Amino acid sequence: MLDGRGRGRCGRHTEHDDGARGQDQRSAHGIPLSTEIPACYETSRVRRFSLLCVSPRRVRIVRLGAMSSSEAPAVVDDLRELFRSGVTKPVAWRRTQLTGLRTLLSEQEDVFLKALYADLRKNAAEAKRAEIALVRNEIDHTLENLDSWLNPEPADIPRPLRPGNARVVREPLGVALIIGPWNYPLQLVLAPLVGALAAGNCAVVKPSELSPNTSAAIAEHLPKYVEGVRVVEGAIPETTALLEQKFDTIFYTGNGTVGRIVMTAAAKHLTPVTLELGGKSPVIVEPGADLAVTALRLAYGKFANAGQTCVAPDYVLAIGDTGPKLAEHLAKTVERMFGEDPATSDSYGRIISTRHYDRLAALLDNGTAVVGGQSDRDEKYIAPTVLTGVSPDAPVMLDEIFGPILPIIEVPDVDAALAFVNERDKPLALYAFTESDETKRRIETETSSGGLVFGAAIIHLAAPELPFGGVGESGMGRYHGRYSIDNFSHVKAVLDKPLA
């Protein structure tokens, strides 16, 4: 079912792209010895097993993936039996699981930080902020508001139906399948899981095998802290086997090509799906914007995690004469953030695999690099790069870049910028830097995107009261905060009319 060879127009890559053949999997031994890893997560090149070095003297073999189609039903059936027992429905059970998930993040923080470094060379500060703190905040926000979110909502009924009363209640769907990506392999597995558990569901979690160290850490530790969850490691065969089963909802984060495969498999069982995809998220910069501040906030959003972020700014539409000036500010900002040679910076990550490296390296000559442009295949290193003189038809402008390359396109006015955005697929996010209220109004009313942010980039993910999700090619469904509860619940209408 999953061939993993192509990528969709959004260009987003997940575990199904190239991980199934065991390529580009780095072990924890790739980390400098100074990192002092007490527990190394080394995934062998034999796909059926993972070696977990739980101590320097003790090694045990844990079954990895190798799940046949005949075994997959048992995984789902066990959880469905648990769900039907009713144990997951009480709010107390849900709170216990969320508290356990929070304890997991605290007690195993070092394990996860070292795994994330091994997979993506993600530095500790960035990993704490984007992978751990974000999920912890989501848990805290959910625990604080769970009772009010789950309270039945009274509903008015029309006069001809009276006497009677009506209400809206939220009931858990059942057993959820959560398929995670490799770019934020902890956050983008656990954040949806917060919603699934808070809504009273059981869940099968499938981490990405392209981030094998984080996947192994999740599989090893998550079941110790949370009930009603099963972790399945593996690649295309394991995911295919899972997708053949009947789930009550499927939550997938990745690219459009695999998203369509997930949706096709779900259709067989009429299973609802949430697709968190990607796309080319544009940035509009208008004259009058503070370009120093704009460059700083753009660089943070673009070059975090070496550009491998689904909502990272993909390209800049510079209106009027802002392009060259913005490029200069970006070059200075990159040097301040990562030094003269980002390859030596502890704050700058690496590309997940050689395949993705090769794809990105081929885009470096699509314009003039005002900063960056360097690369090292052995290190999977692409320097933070800003390109000018880019043609709208250049390869770098065709698919989601999903890496540390930022093209700047010059356009004459706001009308041209809006037309450029609207001629393309609806993006997951749209960013604008302008002091004009009229321009803000036009962007909000004349474009469509999953999210819209003025004056910053990517920070809307950290606002738990805001829904996060795409539209059109960038996805369907939404989550975070109370939107996660609705996403993993059936919102049921109840009308009670007395017999007498």
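Visitor: How far apart are the closest N and O atoms in the salt bridge of Lys 128 with Glu 109?

Guide: A salt bridge puts a side-chain nitrogen of Lys or Arg within 4 Å of a carboxyl oxygen of Asp or Glu. Lys 128 and Glu 109 form one, and their closest N and O atoms are apart by 3.9 Å.

Visitor: What kind of model is this?

Guide: Residues are numbered from 1 along each chain as its sequence is written, and side-chain values use heavy atoms, with hydrogens and water left out. Local features need pLDDT of at least 70, side-chain atom pairs count only at pLDDT 80 or more, and totals for chains, interfaces and linings use all residues, for this is a predicted model.

Visitor: Which residue forms a salt bridge with Glu 109 at 3.6 Å?

Guide: The closest N and O atoms of this pair are 3.6 Å apart, and the partner of Glu 109 is an arginine. The pair links helix H4 to helix H3 across 27 residues; helices are DSSP runs of H or I, at least four residues long, and strands are E runs of at least two, numbered from the N terminus. The partner in H4 is Arg 136.

Visitor: Lys 128 and Glu 109: which counts as buried?

Guide: Buried means under 20% relative accessible area, exposed over 50%, and partly exposed in between (1.4 Å probe, protein chains only). Lys 128 is at 39%, so it counts as partly exposed. At 18%, the buried one is Glu 109.

Visitor: How many residues apart in sequence are the parts tied together by Glu 171 and Lys 492?

Guide: The closest N and O atoms of this salt bridge are 2.8 Å apart. Glu 171 lies in strand S5 and Lys 492 in strand S21, so the pair ties together distant sequence positions. Glu 171 is partly exposed at 28%, and Lys 492 is partly exposed at 30%. The separation in residues is 321.

Visitor: How many salt bridges does the count come to?

Guide: Some residues are linked in a network: Glu 153, Arg 170, Arg 482 and Asp 486. By the rule given above, the count of salt bridges comes to 19.

Visitor: At what angle do helix H3 and helix H6 pack?

Guide: H3 covers residues 109–120 and H6 residues 212–225, with their axes 7 Å apart. Axes are lines fitted to C-alpha atoms, for helices over the stretch in contact, and angles run from 0 to 180 degrees between N-to-C directions. Over 145 degrees counts as roughly antiparallel, under 35 as roughly parallel, 65 to 115 as roughly perpendicular and the rest as oblique. H3 and H6 are therefore roughly antiparallel, at about 155°.

Visitor: How many nonpolar residues are in the contact of H3 with H6?

Guide: Contact means heavy atoms within 4.5 Å. The H3 side includes Val 111, Phe 112 and Leu 116, while the H6 side includes Pro 212, Ala 217 and Ile 218. Besides 3 polar residues and 1 charged residue, the nonpolar count is 8.

Visitor: Which strands stand at the edges of the open sheet of 3 strands?

Guide: Strands pair if DSSP finds at least two bridges between them. The order is S4-S5-S21, with antiparallel pairing. Each edge strand has a single partner, so one side of each is left without a neighbour in the sheet; the two are S4 (153–155) and S21 (489–496).

Visitor: Which residue in S5 stands opposite Pro 154?

Guide: S4 and S5 (residues 165–172) run antiparallel, joined by 3 bridges. Opposite Pro 154 stands Arg 167.

Visitor: Which two residues does the cis peptide bond with omega of about 0° join?

Guide: Most residues other than glycine have a negative phi, and most peptide bonds are trans. Here one partner, Pro 163, lies in the loop between S4 and S5. The cis bond joins Arg 162 and Pro 163.

Visitor: Which residue other than glycine has a positive phi near 55°?

Guide: It lies in the loop between helix H9 (291–303) and strand S12 (315–319). Its relative accessible area is 1%, so it is buried. The residue is Ala 306.

Visitor: Which residue in S12 is the bridge partner of Ile 284?

Guide: S11 and S12 pair in the parallel sense over 4 bridges. Both faces of S11 (residues 282–285) are covered, with Pro 282 and Ile 284 buried on one side and Val 283 and Val 285 on the other. The partner of Ile 284 is Leu 317.

Definitions and conventions
Nonpolar A, V, L, I, M, F, W, Y, C, P; charged D, E, K, R; others polar.
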